[in-house]
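Me: Please take a close look at one loop of this model, chosen for the detail it offers. I should then like to see how it relates to its surroundings and to the rest of the chain.

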Amino acid sequence: MVNQKKIVTFAQIFNFYNMMKRMFGLVGLIVCLTLCPTCPMQTFAQSSDSHNKKKVEDLHLDVQQYMEILGSAITTLQGQYVDTIDWGKALATGVKAMLTELDPYCEFYSEDDQSDFKTMTTGEYGGIGALIQQRGDTVIIANPYEGRPAMEAGVRVGDAILSIDGESMLKKNTSEVSEKLRGQAGTTFNLRVKRPYIDEPIDFEIHRRKIVLDAVPYYGWLNDSVAYIFLSQFTDKAGQEVQDALVKLRADQQHSLKGLIFDLRQNGGGLLEEAVKIVGMFVPKGSPVVETKAKRPEWNSAYRTNTVPIEPNLPIVCLIDRNTASAAEILSGSLQDLDRAVIMGERSFGKGLVQSTRPLPYNTLMKFTTAKYYIPSGRCIQVINYKLGEAEQIPDSLTHVFYTANGREVRDGRGIKPDVEEKPQQMSGLAYYLDREYLTFNYATRYRQQHETIAPIREFKLSDEEYDAFCKEALAHKKDSILTLLKVFDMKHDLDSLRDEIKEEVANEIILRYYYQRGQSEHSLLQDTLVKKAAQLVADQKRYSDILQSTNKKNKDNKKK
C-alpha cells in the first residue's frame, strides 16, 4: 500500500515545480533542482516541519510558505548560479507571469512602464506626435499627426529615421526609437531622416510638446441631417470630446441634426466612468448604466447618469464589431438595454471584467481584475471564464435571457449582439497583398513628392492614367511570397476587375499625406458600406422605431415584473 503522506508531499513539489517554471522558465527549474537535488520529498518535508509546523496532510502550501520558498530560491541562485543574473528583469518577469496566470488583463508596470500606462489612460505624453512603424532594419514615420511638432517641422509619411541627436537608430526596433523620440515637453532634439526619392538625408530640429491623443479623432456630416462621431478610445477626456462634438454639430447652421451614427468599431475600451458620462448625454438623468460586483458586497458600485441629457430624443445608430470591448461595450450595451439606440454591425468582443490599479513599492504599479460589470438589463456580457489560469467559453446552456426597457430579449455571456447584424466590409486578397508589400504605400509616398497639392478630399480621384502607372509598378514588383507561390490571385486580371476598390485604396493612402488622419477618415467614410446602411436606417423613422419595440407582449410583462 502506498504511503498517503508521500503522495501529498510529492503533489506539493509538483505544483511548486510548475509554478517556478511558469514564473522563471528554466531558471525556476534550476532553483528546484538546486534546493533538492537528490530527495525533494525529504527536503520539503523538513522545511515544512522546521519552519511552518504544518501537517504533511495539508493539500496546498499557503502564500507565506511560497514566499519563503521564493526567498530561499533567490538566495541559492545568488550564491550558486553559474552566471550573473539580472534580478530586476528576472523578478519582474516572475510577477508578470503570476498575473498572466489569473487572466490576460492583469498587468505589472515597472517604473519605466509608467509613462506607457499614463498614455493609455490619459492619451497624453511628451513627444513629437507621430505614429512610427518597423520596416526591415529601419523605423519609418507612418503618420505624423496634424498640428503636432513632427508635422509642423516638415516630417512626412515614409521618412526613415536615421539618427536622433547623432545616435544611430538603424537596426533599432520601434520601442527603442519611441523611447528616444519621447521626452520632457519643451526639450529640443535633432532628427535626421532619409526621405524616399531624395538623395541626401534631411535634418529637423524638433521641439517636444505635450501630446494629447484625440479620443474623437473625427466627427462630421454624412449628409444634410445625419452626423457621424468616431470614438476611438475611452481616455479621461473621452466624455468631454464627445460632448464638444455634439454641441458643435448641433450649432452648425448649415445642417439640421436629425440622426447620429456613433462609431465604436475597433474601440478596445478604457475608463468606465467616461462611458457613464457619454450615456448620460442621451438618456434621462438618474438612469442606470452599469453596476460592478466585486469579491465583497461592500466593494460593489452602481453608476447612474448625473447630468441632464444633451440629446434625449436624437435617433442613434451605434456601430460595433468584434474588437469593440470593455467600456465601449458598456456604452453600446447600455444604449441597447435602455432602448436608446439601434446597435448595428457584428457581435462585440465580450469583456465584462473591471480592472483597478494599485501602487506597489518602488514606483511600480499593478492592474488587476476586481469586479464584473452588469449593464441595465442585469446581464454580464463576459464571454470567457478564467479559472486557475484556464480560459473557457461560457456554453450556450449556461447563458440567460434578460430584457431591455421595452421588453426585447437579450442574453448574457455573449458580448453585445447587434439589433441589426451586418458582416464587416472585407478587403480583397489583392488589396491586402499590395498593402503588405508596401506597393500602395510607396506609390503614395512618391506621389506626394511629385505633387505639392491635391484636390479637396471629397473631390480627389486617382485618374485612369495614374492608376495604370500604379498597376505597371505592381506588376513589375517581383517578390516571392506565399500569396504569389500559391497563385491566390491573378494580379493582372484582378488589378482590372478590382479597379474601383484598388483605386480607392491608393487614393486613401495619398490623402493621408496631404490631409492627415482626419482627411483619411473622411475619405474612408465615402466607401464604408456599413456607415451608408446606418445612415439609411437612422433616417427611416418607422424601421428605426420598429426595431426598438418588442413584438412579444409576454416579454413586456416579464420586464414589468
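Reply: The account below begins with the chain as a whole, turns to the chosen loop, and then widens to other parts.

This is a predicted model, in which local features need pLDDT of at least 70 and side-chain atom pairs count only at pLDDT 80 or more, while totals for chains, interfaces and linings use all residues. Residues are numbered from 1 along each chain as its sequence is written, and side-chain values use heavy atoms, with hydrogens and water left out.

The secondary structure of the chain comprises 20 helices and 23 strands; these are DSSP runs numbered from the N terminus, a helix being H or I over at least four residues and a strand E over at least two. Of the 561 residues, 44% count as buried, that is, under 20% relative accessible area, with exposed meaning over 50% and partly exposed in between (1.4 Å probe, protein chains only). Among contacts (heavy atoms within 4.5 Å) with a separation of 6 or more, 69% join residues 24 or more positions apart.

The loop chosen is the one between β12 (259–263) and α10 (272–279), where N267 lies. N267 counts as buried because its relative accessibility is 0%. A polar atom of the N267 side chain lies 2.8 Å from the backbone nitrogen of G269, a polar contact being a pair of N or O atoms within 3.5 Å in which, within protein, one must be able to donate a hydrogen and the other to accept it, and residues adjacent in sequence count only if both atoms are side-chain atoms. Beyond four places in sequence, N267 is in contact with L231, S232, Q233 and F234, and also with N323, T324, A325 and A328.

Q266 is placed in this loop as well. Although not a glycine, Q266 has a positive phi of about 65 degrees. Q266 counts as exposed because its relative accessible area is 52%.

A positive phi, about 60 degrees, also occurs at S326, again not a glycine. S326 lies in the loop between β15 (316–320) and α11 (327–337), and its relative accessible area of 11% is why it counts as buried.

L231, a contact of N267, leads on to the largest nonpolar core. A nonpolar core is a set of buried Ala, Val, Leu, Ile, Met, Phe, Trp, Tyr and Cys residues joined through side-chain atoms within 4.5 Å. The largest has 62 residues, of which L231, F262, I278, V317 and L331 touch the most other members. The greatest contribution comes from α18, with 6 residues. Leaving out residues up to four places away in sequence, L331 touches L231, F234, F262, L264, A275, I278 and V279. A second, separate core of 24 residues includes A444, Y447, I454 and L495.

Finally, the axes of α18 (residues 529–539) and α19 (residues 541–548) come within 5 Å and cross at roughly 90 degrees. The two helices are therefore roughly perpendicular, a term covering angles of 65 to 115 degrees, with under 35 roughly parallel, over 145 roughly antiparallel and the rest oblique. L537, V538 and A539 of α18 meet Q541, R543, Y544 and I547 of α19.

Technical notes:
Axes are lines fitted to C-alpha atoms, for helices over the stretch in contact, and angles run from 0 to 180 degrees between N-to-C directions.
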